[in-house]
Amino acid sequence: MKVQPPRDQSCSLPDRAGYPRTRMRRIRSHAFSRALVCENRLGADDLVCPVFVTEGNGRRSPIASMPGVERLSIDFLLREVGIWMEAGIGAIALFPVVEPGLKTPDGSEAWNPKGLIPRAVRELKKHFPELGIIADVALDPYTIHGHDGVVDERGRVLNDETVALLIRQSLCLADTGVDVVAPSDMMDGRIGAIRAALEQACHPETQILAYAAKYASSFYGPFREAIGSARALGTSEKTTYQMDPANRDEAIREVSLDIAEGADYVMVKPALPYLDVIFAVKSRFHVPTFAYQVSGEYAVLQAAIERGWVPERESIEESLLCIKRAGADAILTYFAPRVAQWLR
Ligand code: PBG
């Protein structure tokens with residue numbers, strides 16, 4: 001049925017902006033015009049794939065709380081990375097699953113040049129010289145207590161003592177050939193200290209991705225299961241170094257410090273529940289801003305997908321597109337391989 005406008009309104013528009021002069025649906029009524037005005041697009045080259053590396057050969061083990069994600073031994077990692085790069089992924093972020101026997105109170109395996117991550121990096125660089133390799137800087141995979149730093153007899157995480165160890169870890173990683181060191185520990189002053197140490201050790205080209213605004217989030221559980229730090233951490237929390245989810249101004253201060261100390265990229269983590277923080281950081285500083293869609297965000301979405309409650313591709317791509325729209329230049333996401341294949 002065609003609706004005729006009332007006669008007296010059909011020729012003379014009311015003298016004001018707005019409806020019916022402006023009809024927002026005019027543009028939306030054709031695919032071509034929807035495409036022309038599209039403000040944000042998702043590409044495989046926006047995505048970084050986090051990976052869990054495990055010891056051994058021919059080993060891949062599922063992670064119960066992250067269906068579809070596996071811990072991979074180095075040989076399997078090489079195979080997978082080849083596929084991902086073919087699909088357009090340019091960078092990965094490495095996290096180690098450290099053998100329990102190698103964990104110590106100070107996490108000294110973190111700067112063993114023959115450790116799991118250095119071995120993985122050397123193999124990856126040999127096979128894929130173009131691949132961007134981001135390596136996490138923090139002690140939690142390596143400590144018996146599961147904290148990101150060293151603790152005193154009362155269980156307090158010590159800042160400056162930890163920074164000294166993070167420097168050793170960063171130099172070990174830079175020597176091995178990683179392109180980006182990514183401190184995820186939230187100690188004060190570590191970006192400046194690591195930058196100075198890298199410069200002094202003739203690694204001026206090694207980039208720093210600062211986990212600048214990292215929240216004490218309940219969405220990290222599956223990650224802790226994946227790297228085997230959950231049990232060690234027990235009921236202990238990371239609230240003395242990670243941020244309160246209630247705060248945004250504090251994120252601005254954290255980010256401004258990390259930029260001043262020499263961060264090349266800053267990151268907000270988690271992503272989807274923190275879009276306002278991503279937006280605030282990007283609009284204020286105009287620096288390369290990353291977001292980490294963390295393990296718990298993956299688990300929540302994947303669980304709903306498996307139950308058929310939300311459509312797989314649409315919900316995943318929407319979640320990532322919205323993180324971009326908020327201001328993220330790049331996104332760390334466990335969905336990266338799947339999305340890259342879809343976007344091919
Ligand atoms: C710790 C670290 C964590 C993650 C990345 N680095 C967990 C934590 O802070 O306990 C979480 C990533 C994820 O949940 O996907 N250095």
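**Note on the ligand site and local geometry**

1. The largest cavity of this structure is the space taken by the ligand, and a reader new to the structure should keep in mind from the start that the model is a predicted one.

2. The shell around the ligand is mixed in character, with eight nonpolar, three polar and seven charged residues. Of the 18 residues around the ligand, those that come nearest are Arg-224, Lys-238, Lys-269, Ser-295 and Tyr-334.

3. Three side chains can be singled out for their distances to oxygen atoms of the ligand. An N or O atom in the side chain of Tyr-334 is 2.6 Å from a ligand oxygen, while for the side chain of Arg-224 the corresponding distance is 2.7 Å, and for that of Gln-242 it is 2.8 Å. As for covering, the ligand taken alone exposes 400 Å², and 100% of that area is buried by the protein.

4. Tyr-334 also deserves attention for its ring. Among the 11 aromatic pairs found in a search of the whole structure, there is one between Tyr-298 and Tyr-334, which is edge-to-face, with 6.1 Å from centre to centre and 70 degrees between the planes. Tyr-298 belongs to helix H12 (residues 295–306), whereas Tyr-334 sits in the loop between strand E10 (330–333) and helix H14 (336–343), so the pair ties together parts that are 36 residues apart in sequence.

5. Lys-269, one of the residues that come nearest to the ligand, is joined to Pro-270 by a cis peptide bond, for which omega is about -10 degrees. Pro-270 itself is found in the loop between strand E8 (265–269) and helix H11 (275–285).

6. A further cis peptide bond runs from Tyr-19 to Pro-20, with omega near 5 degrees, and here Pro-20 is part of the loop that lies between helix H1 (7–10) and helix H2 (25–28).

7. A last point of backbone geometry concerns Met-186, a residue other than glycine whose phi is nevertheless positive, near 65 degrees. Met-186 is located in the loop between strand E6 (180–183) and helix H7 (190–200).

Technical notes:
Residues numbered from 1 in each chain as written. Predicted model: local features only at pLDDT ≥ 70, side-chain atom pairs only at ≥ 80, totals over all residues. Heavy atoms only, no water. Near = heavy atom within 4 Å. Polar contact = N/O pair within 3.5 Å; in protein donor to acceptor, adjacent residues only side chain to side chain. Areas by Shrake-Rupley, 256 points an atom, 1.4 Å probe, with all protein chains shown as cover. 1 Å grid on protein atoms, 1.4 Å probe; cavity = no way out; pocket = protein on both sides within 12 Å on 5 of 7 lines; lining within 4 Å. Sits in = over half its atoms within 2 Å of the grid points. Nonpolar A, V, L, I, M, F, W, Y, C, P; charged D, E, K, R; others polar. Phe/Tyr/Trp six-rings, centres within 6.5 Å; stacked < 30°, edge-to-face > 60°. Helix = DSSP H or I, 4+ residues; strand = E, 2+ residues; numbered from the N terminus.
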